[in-house]
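Me: Walk me through one strand in this model that you think deserves a close look, and then work outward from there. Keep it chatty, but give me the cut-offs as you go.

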Amino acid sequence: MPELAVGLDVGTTGVKGVAIDPDGAVVAIAEEGYPLSTPRAGWSEQDPEDWWRATRTVLARLVDAAGPDASIAGIGFSGQMHGLVALDASDRVIRPAILWNDQRTGAECAEIEERIGLERLISLTGNRALTGFTAPKLLWLRRHEPESYSRIARIVLPKDYVRLRLTGEWAIDVADASGTLLLDVGRRQWSDDVLEALELPAAWLPPVFESPDAIGVTFGCEELRNGIIVAAGAGDCAAAAVGVGIDRPGPLSVVMGTSGVVFAALPAYEHDSLARVHAFCHAVPGQWHAMGVMLSAAGSLQWFHDRLAPETPFADLVAAAEAWEPGAEGLLFAPYLAGERTPHADPSARAAFAGLELRHDRGALVRAVLEGVAFGLRDSLELVHALGVPVDRARASGGGARGLWLRIVASVLGIPIELTAVEEGSAYGAALLGGVAGGVFSDVHDAVARCVTVRETVEPDSAWQSAYDEIYPRFRALYPALENVKETTS
């Protein structure tokens with residue numbers, strides 16, 4: 001049997017692992033879940049030990065499924081970004097990890113932008129201070145848990161904690177480090193200026209590597225033989241983009257998961273002057289990417305189903321939506337159920353239906369939800385266009401990348417949308433990175449060329465596209481209108 005590459009994605013709900021052969025075919029898949037803790041409103045935490053236990057379980061299942069003759073050449077990691085794992089001098093976890101979707105750090109974000117200055121912060125990091133990022137979490141610990149803060153010797157992000165347990169190596173990749181708000185993204189190294197302004201020790205931060213770099217080997221894990229090469233890996237969004245073939249400018253990655261992501265590789269480092277889209281290092285060495293994130297994409301349809309039609313299959317809801325023409329006779333949906341990040345960095349933004357009339361039924365409401373999410377994705381695409389990034393097509397992934405919804409998104413964005421043969425997301429991209437580190441592929445471009453193939457293309461509907469072009473300005477007016485309502489009723 002040829003040598004395999006393994007990808008491990010340390011997600012918010014569980015670890016997913018895949019093993020692939022040199023042609024990109026999936027040989028084995030395994031998953032193991034774990035709980036999420038919300039000890040207070042707006043808080044989101046996990047026990048890093050749960051990640052490690054789940055990883056070991058997934059590795060054991062992958063090895064068993066691949067068979068006794070399988071040989072693993074390399075392992076790559078991806079994972080939920082921005083989370084803070086604080087370690088003491090013995091690499092013991094000091095407190096539960098604070099995750100990407102934790103909202104407790106609003107005051108600390110304001111403090112960071114005041115200390116550094118918003119314009120300077122954006123020029124250094126490509127981003128503004130958002131509650132999900134890592135740096136505000138450190139300032140929150142300093143203010144609210146000084147005893148825990150005083151014990152910190154090193155910090156890691158979620159996937160990097162698991163890799164530390166697997167290899168003993170303390171490291172991070174540039175793609176994941178970009179989401180800490182502590183990296184000089186243009187120079188691909190920690191920012192001394194930001195660290196000094198925030199009074200954070202540089203000694204707490206791990207060495208930075210490119211995503212496919214080999215940074216260690218497996219050691220002391222009962223589920224694996226010792227000596228397997230392990231790559232630095234990438235944050236989940238960058239890994240997912242590699243997994244659908246976004247290794248250079250041109251195609252766009254559109255992820256329609258619980259949240260929605262529009263991801264474009266950049267020809268050179270560039271950032272939006274207002275940081276409405278994120279500017280991060282890509283998982284491809286020497287490249288960067290722009291990324292817009294909406295917080296409720298497929299999550300919007302999940303909410304509708306769970307709260308308003310829990311007994312109705314999703315397929316039936318979408319079928320009812322198909323009976324309505326684009327725009328559902330004036331009905332709009334603002335998809336801000338959990339606040340928003342792009343283009344409105346506003347955790348207090350709220351969702352709404354607008355334009356309801358007596359004729360509207362459940363199908364019309366669902367159609368409005370599908371279209372509202374598509375318009376939210378277009379908000380990000382407009383900002384990518386403003387950076388001068390060439391976009392000729394998109395590669396879609398995630399649970400929402402199906403049927404009618406894909407036709408709507410293609411028509412709203414005005415570009416063809418491709419579906420790849422393998423849809424294993426971030427774990428698949430992590431496997432490609434692990435394969436580069438382990439010598440299965442010569443570089444990321446070689447891995448993409450050999451493994452990523454398109455199985456289906458969804459073209460924009462010209463009539464729908466014209467209709468959506470007329471409706472989009474009305475959608476854009478929703479957010480400021482809702483802000484006015486919120487201000488007058490607060």
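**Strand 5 and its surroundings**

Reply: Start with strand 5 and strand 15 (residues 234-235), which pair in the parallel sense over 2 bridges. Pairing here takes at least two bridges found by DSSP between the two strands. Strands (E, at least two residues) and helices (H or I, at least four) are DSSP runs, numbered from the N terminus. Ser78 has Ala234 as its bridge partner in strand 15.

Before going on, some housekeeping. This is a predicted model, where local features need pLDDT of at least 70 and side-chain atom pairs count only at pLDDT 80 or more, while totals for chains, interfaces and linings use all residues. Residues are numbered from 1 along each chain as its sequence is written, and side-chain values use heavy atoms, with hydrogens and water left out.

Back to strand 5, which has other partners. It runs parallel to strand 1 (residues 3-10), and 8 bridges join the two; Leu8 sits opposite Phe77 of strand 5. Strand 14 (residues 229-231) also pairs with strand 5 in the parallel sense, over 2 bridges, with Gly74 matched to Ile229 in strand 14. As for how wrapped up all this is, 8 of the 9 residues of strand 5 are buried, so the strand is largely enclosed by the rest of the structure. Buried means under 20% relative accessible area, exposed means over 50%, and partly exposed covers what is in between (1.4 Å probe, protein chains only).

Just past it, have a look at His82, in the loop between strand 5 (71-79) and strand 6 (85-87). Its phi is near 75°, a positive value in a residue other than glycine, and at 4% relative accessibility His82 counts as buried.

Thr218 is worth a stop too. This residue lies in the loop between strand 13 (214-217) and strand 14, and it is buried at 1% relative accessibility. Leaving out residues up to four places away in sequence, Thr218 touches Ile75, Leu166, Thr167, Leu224, Arg225, Asn226, Gly227, Ile228 and Val230; contact means heavy atoms within 4.5 Å.

Now follow the chain on past strand 15. Helix 9 (residues 236-243) packs on a sheet, touching strand 16, strand 17 and strand 19 (288-294), and its direction makes about 70° with that of strand 17. Axes are lines fitted to C-alpha atoms, for helices over the stretch in contact, and angles run from 0 to 180 degrees between N-to-C directions. The sheet in question is open, with 7 strands in the order 18-19-17-16-22-23-24 and mixed pairing. Strand 18 (278-281) and strand 24 (454-458) are its edges, each pairing on one side only, and the twist averages 30° from one strand to the next. Within the sheet, strand 16 (residues 250-256) pairs with strand 17 (residues 260-266) in the antiparallel sense over 5 bridges, and Val255 finds its bridge partner in Val261 of strand 17.

Between strand 17 and strand 18 there is a loop that holds Ala275. Much like a glycine might, you may think, but Ala275 is not one, and it still has a positive phi of about 55°. Ala275 is buried, with a relative accessible area of 8%.

What about cysteines? A search of the whole structure finds 0 disulfides, a disulfide being a pair of cysteine sulfur atoms within 2.5 Å. The sulfur of Cys109 is 18 Å from the closest cysteine sulfur, in Cys237, which is too far for a bond. Cys237 is in no disulfide either, as the nearest cysteine sulfur, that of Cys281, is 14 Å away. Cys109 is buried at 6% relative accessible area, and Cys237 counts as buried at 18%.

One last backbone detail: the peptide bond from Thr342 to Pro343 is cis, with omega near 0°. You'll find Pro343 in the loop between strand 20 (332-334) and strand 21 (352-354).
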